[in-house]
Amino acid sequence: MGGAFTYTDMGAQLTKIEAVNQCLSASGQMPVNQIDTNPTPEARLIVNILDTVQREVLAEGWDWNTEYEVVLEASQVSGKVAVPPRYLRFNPIDKPWQLVRGGFVWDRKDQTYEIDESVRGTVVLYFDWDELPHEARNYVTKRTARRYYEQH
C-alpha cells in the first residue's frame with residue numbers, strides 16, 4: 001500500500017543535551033547527564049560552540065526562518081521603528097537606503113532614526129533550540145562537533 005509518510009513522533013527530536021553528547025562522543029569523551037547545572041568544562045565549551053553555530057546557521061536565512069512582507073510600525077512617541085531582538089536580520093524593501101542600526105531602522109538618506117511611518121521588509125528570525133526543525137538541529141550539531149574537534 002502506497003501513500004505519504006507522515007512523521008508525527010515529536011519525541012524523536014534531537015534535544016540539546018543529545019547534541020552535546022554527540023559532540024562529546026565524536027571526540028571520544030564520555031556523555032553527560034545534564035548541561036544546565038554544573039556541566040563539565042568540555043560540555044560547557046560545547047554548549048557555547050553550539051549556541052554560536054546555531055546563531056551563525058540561522059543568520060544565513062533559510063525557508064523556515066525567513067518571513068517576507070513583514071511590517072514594523074514606528075513608535076508614536078519617538079518616531080523610531082524598533083527591530084525586535086529576535087530578528088537576526090531585517091532588510092527594508094521599499095526604501096533600500098534604510099537599514100538596521102542599534103536595534104532601530106536608520107534612514108541613510110535623511111541621516112535619522114525618526115522614520116514616522118511603517119517599514120516593510122524581509123526578516124530572518126532567531127529560533128531557540130526547541131523551535132528548530134529536525135534538519136537544522138542535525139546540521140548545527142554536526143558543525144559544532146567539527147568545530148569542537150578542530151579546536152581540541
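Visitor: What covers the buried residues of H1 in this model?
Guide: First off, this is a predicted model. Helix H1 spans 16–26, and its buried residues are Ala19, Val20, Asn21, Cys23 and Leu24. What lies over them includes two helices, H2 and H3.

Visitor: Which residue with a positive phi follows H1?
Guide: Helix H1 runs over 16–26. The residue in question comes after the helix and has a phi near 80°. It's a glycine, Gly28.

Visitor: Where does Asn38 lie, and is it buried or exposed?
Guide: Asn38 sits in the loop between H1 and H2. Its phi is positive, about 50°, although Asn38 isn't a glycine. Exposed means over 50% relative accessibility. Asn38 comes in at 69%, so it counts as exposed.

Visitor: How do the elements of the protein run from the N terminus on?
Guide: There are three helices and five strands to place. Helix H1 covers 16–26 and helix H3 covers 134–151, while H2 takes residues 41–59. Written out from the N terminus, the run is α-α-β-β-β-β-β-α.

Visitor: Why is the protein described as more spread out than a compact globule?
Guide: For 152 residues, the globule rule gives 15 Å. Along its principal axes, the C-alpha trace spans about 55 × 50 × 25 Å. The protein is called more spread out because its radius of gyration is well over the rule's value, at 20 Å.

Visitor: What order do the strands of the open sheet have?
Guide: The sheet has three strands with antiparallel pairing. S1 (66–72) and S2 (87–92) are the edge strands, each pairing on one side only. On average, neighbouring strands are turned by 35° against each other, direction ignored. The order is S1-S5-S2.

Visitor: Which residue in S5 stands opposite Pro92?
Guide: S5 takes in residues 119–125, and S2 pairs with it in the antiparallel sense over five bridges. Pro92 falls within S2, which covers 87–92. Its opposite number in S5 is Gly121.

Visitor: At about what angle to S2 does helix H2 run?
Guide: H2, residues 41–59, lies across both S2 and S5. The angle asked for is the one between H2 and S2, and that's about 20°.

Visitor: What is the phi of Glu69, in a residue other than glycine?
Guide: Glu69 lies in strand S1. At 47% relative accessibility, Glu69 counts as partly exposed. Its phi is a positive value, near 60°.

Visitor: What is the bridge partner of Val100 in S4?
Guide: Strand S3 (residues 98–101) and strand S4 (residues 104–107) pair in the antiparallel sense over four bridges. The hairpin they make has two residues between the strands, and Gly102 there takes a positive phi near 55°. Across in S4, Val100 finds Val105.

Visitor: Which element gives the largest share of the core?
Guide: The largest nonpolar core has 34 residues, and Val20, Val81, Tyr87, Phe90, Val105 and Trp129 touch the most other members. H1, H2, S1, S2, S5 and H3 each supply at least two residues. As general background, nonpolar side chains tend to be buried together in soluble globular proteins. The largest share, eight residues, comes from H2.

Visitor: Which residues does Val81 touch, not counting residues up to four places away in sequence?
Guide: Val81 is one of the core residues that touch the most other members. With residues up to four places away left out, its contacts are Leu72, Glu73, Ala74, Gly103, Phe104, Val105, Tyr113, Ile115, Glu117 and Val119.

Visitor: Which residues is Arg147 in contact with, leaving aside neighbours within four places in sequence?
Guide: Arg147 is found in helix H3, and at 24% relative accessibility it counts as partly exposed. Arg147 and Val53 are 94 residues apart in sequence, yet their C-alpha atoms are 8.9 Å apart in space. Its contacts are Ile49, Thr52, Val53 and Glu56.

Visitor: Of contacts between residues at least 6 apart in sequence, how many join residues at least 24 apart?
Guide: The contact between Arg147 and Val53 is an example, with their positions 94 residues apart in sequence. Across the protein, the share of such contacts joining residues at least 24 apart is 66%.

Visitor: How many of the 152 residues count as buried?
Guide: Buried means under 20% relative accessible area. The protein exposes about 9700 Å², with carbon and sulfur atoms supplying 50% of it. The buried share of the residues is 34%.

Note on methods: Residues numbered from 1 in each chain as written. Predicted model: local features only at pLDDT ≥ 70, side-chain atom pairs only at ≥ 80, totals over all residues. Heavy atoms only, no water. Pairing = 2+ DSSP bridges. Axes fitted to C-alpha atoms, helices over the stretch in contact; angles between N-to-C directions. Contact = heavy atoms within 4.5 Å. Core = buried A, V, L, I, M, F, W, Y, C linked by side-chain atoms within 4.5 Å. Buried < 20%, exposed > 50% of the residue type's maximum accessible area, 1.4 Å probe, protein only. Rg over C-alpha atoms; globule rule 2.2 N^0.38 Å. Areas by Shrake-Rupley, 256 points an atom, 1.4 Å probe, with all protein chains shown as cover.
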